[in-house]
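Trainee: I am new to this structure. Please pick one part and take me through it closely, with enough of the rest to place it.

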Amino acid sequence: MDGFDRLRKVVARLRADDGCPWDRQQTHRSLKPECIEEAAEVLCGINILEETGDASNLKEELGDLLLQVVMHAQIAEEEGFFTLDDVCRGISEKMIRRHPHVFGVETVNDAGEVVTRWEDIKKAEKAGKLSAEPYLPAAFDEAKELIDVAKKRKGY
């Protein structure tokens with residue numbers, strides 16, 4: 001069993017009826033603070049790596065952030081919305097669609113052209129779908145508030 005499958009099974013066990021009471025009571029909403037805090041700690045790990053060359057903190061914090069993804073997917077599966085496989089399949093398909101210069105026949109000359117093409121593809125994909133744009137300002141405000149709470153909790 002590879003590490004990813006093991007993590008998936010660990011999270012499912014934590015959420016099981018005879019698993020951990022704390023993990024079982026978590027929801028998408030209740031995990032928002034942890035999700036934001038773990039993302040910030042990944043940034044810290046990157047900074048440590050760049051300053052010291054030590055990648056151990058980044059490895060640990062990426063694991064903690066990955067745990068958040070797996071936990072949210074587990075909760076969504078329990079609620080009947082989607083599975084972790086759906087999440088993985090979706091991001092794989094998106095990366096393939098948005099990199100036709102790698103997975104298709106298009107060519108690009110530089111990274112700037114990649115970004116321009118990415119935005120064009122993204123715009124076409126989003127046409128006719130529910131837009132997150134109206135929700136983003138409030139989400140950024142909420143993220144800032146959650147970061148402020150985490151800073152206070154950690155004594156900063």
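Mentor: We start with the whole chain, then close in on one helix and its partners, and end with a few sites elsewhere.

This is a predicted model, so local features need pLDDT of at least 70 and side-chain atom pairs need pLDDT 80 or more, while totals for chains, interfaces and linings use all residues. Residues are numbered from 1 along each chain as its sequence is written, and side-chain values use heavy atoms, with hydrogens and water left out.

First, the overall picture. The protein chain has 8 helices and 0 strands. Helices (H or I, at least four residues) and strands (E, at least two) are DSSP runs, numbered from the N terminus. Along the sequence the pattern reads α-α-α-α-α-α-α-α. The C-alpha atoms fill a box of roughly 50 × 40 × 40 Å along the principal axes. The protein chain has 156 residues, and 19% of them count as buried. Buried means under 20% relative accessible area, exposed means over 50%, and partly exposed lies in between (1.4 Å probe, protein chains only). Now take contacts, meaning heavy atoms within 4.5 Å. Among those between residues at least 6 apart in sequence, 51% join residues at least 24 apart.

Now the close look: helix H4, residues 56-78. Take its pairing with H3 (residues 32-52). The two axes come within 8 Å and cross at roughly 155°. That angle makes H3 roughly antiparallel to H4. The crossing is left-handed. On the H3 side, the contact uses Glu34, Cys35, Glu38, Ala39, Glu41, Val42, Cys44, Gly45, Ile46, Ile48 and Leu49. On the H4 side it uses Asn57, Leu58, Glu61, Leu62, Asp64, Leu65, Gln68 and His72.

Some terms need pinning down. Axes are lines fitted to C-alpha atoms, for helices over the stretch in contact, and angles run from 0 to 180 degrees between N-to-C directions. Under 35 degrees counts as roughly parallel, over 145 as roughly antiparallel, 65 to 115 as roughly perpendicular, and the rest as oblique. A crossing is left-handed if the near helix is turned anticlockwise from the far one by less than a right angle, and right-handed if clockwise.

Look at Asn57 in H4. Asn57 is partly exposed, at 22% relative accessibility. Setting aside residues up to four places away in sequence, Asn57 touches Glu41, Cys44, Gly45 and Ile48. Its C-alpha atom is 9.7 Å from that of Asn47, 10 residues away along the chain.

H4 also packs with H1, at an angle of about 55° and with the axes 10 Å apart. H1 is therefore oblique to H4. This crossing is right-handed. H1 brings Phe4, Leu7, Arg8, Val11, Ala12 and Arg15 to the contact. H4 brings Leu66, Leu67, Val70, Met71, Gln74, Ile75 and Glu78. A helix rule helps in reading such lists. An α-helix has 3.6 residues a turn, so residues three or four places apart point the same way.

Turn to H1 itself. H1 covers residues 3-15, and its 13 residues should span 18 Å at 1.5 Å a residue; the end C-alpha atoms are 18 Å apart, which agrees. The expected span is 1.5 Å times one less than the number of residues. Asp2 caps the N-terminal end, with a side-chain oxygen 3.1 Å from the backbone nitrogen of Phe4.

Arg15, also in H1, ties several pieces together. Arg15 is buried, with a relative accessible area of 10%. Its side chain places a polar atom 2.7 Å from the backbone oxygen of Asp23. That side chain also reaches the backbone oxygen of Gln26 at 2.8 Å. Polar contacts here are N or O pairs within 3.5 Å; within protein, one atom must be able to donate a hydrogen and the other to accept it, and residues adjacent in sequence count only if both atoms are side-chain atoms. Beyond four places in sequence, Arg15 touches Asp23, Arg24, Gln25, Gln26, Met71, Gln74, Ile75 and Glu78.

Last, two sites elsewhere. Helix H5 runs over residues 84-97. Thr83 caps its N-terminal end, with a side-chain oxygen 3.3 Å from the backbone nitrogen of Asp85. Ser92 sits in H5 and is partly exposed at 41%. A polar atom of its side chain lies 2.9 Å from the backbone oxygen of Cys88. Glu125 sits in H7, residues 111-126. Glu125 is buried at 15%, and its side chain makes a 2.6 Å polar contact with that of Arg98.
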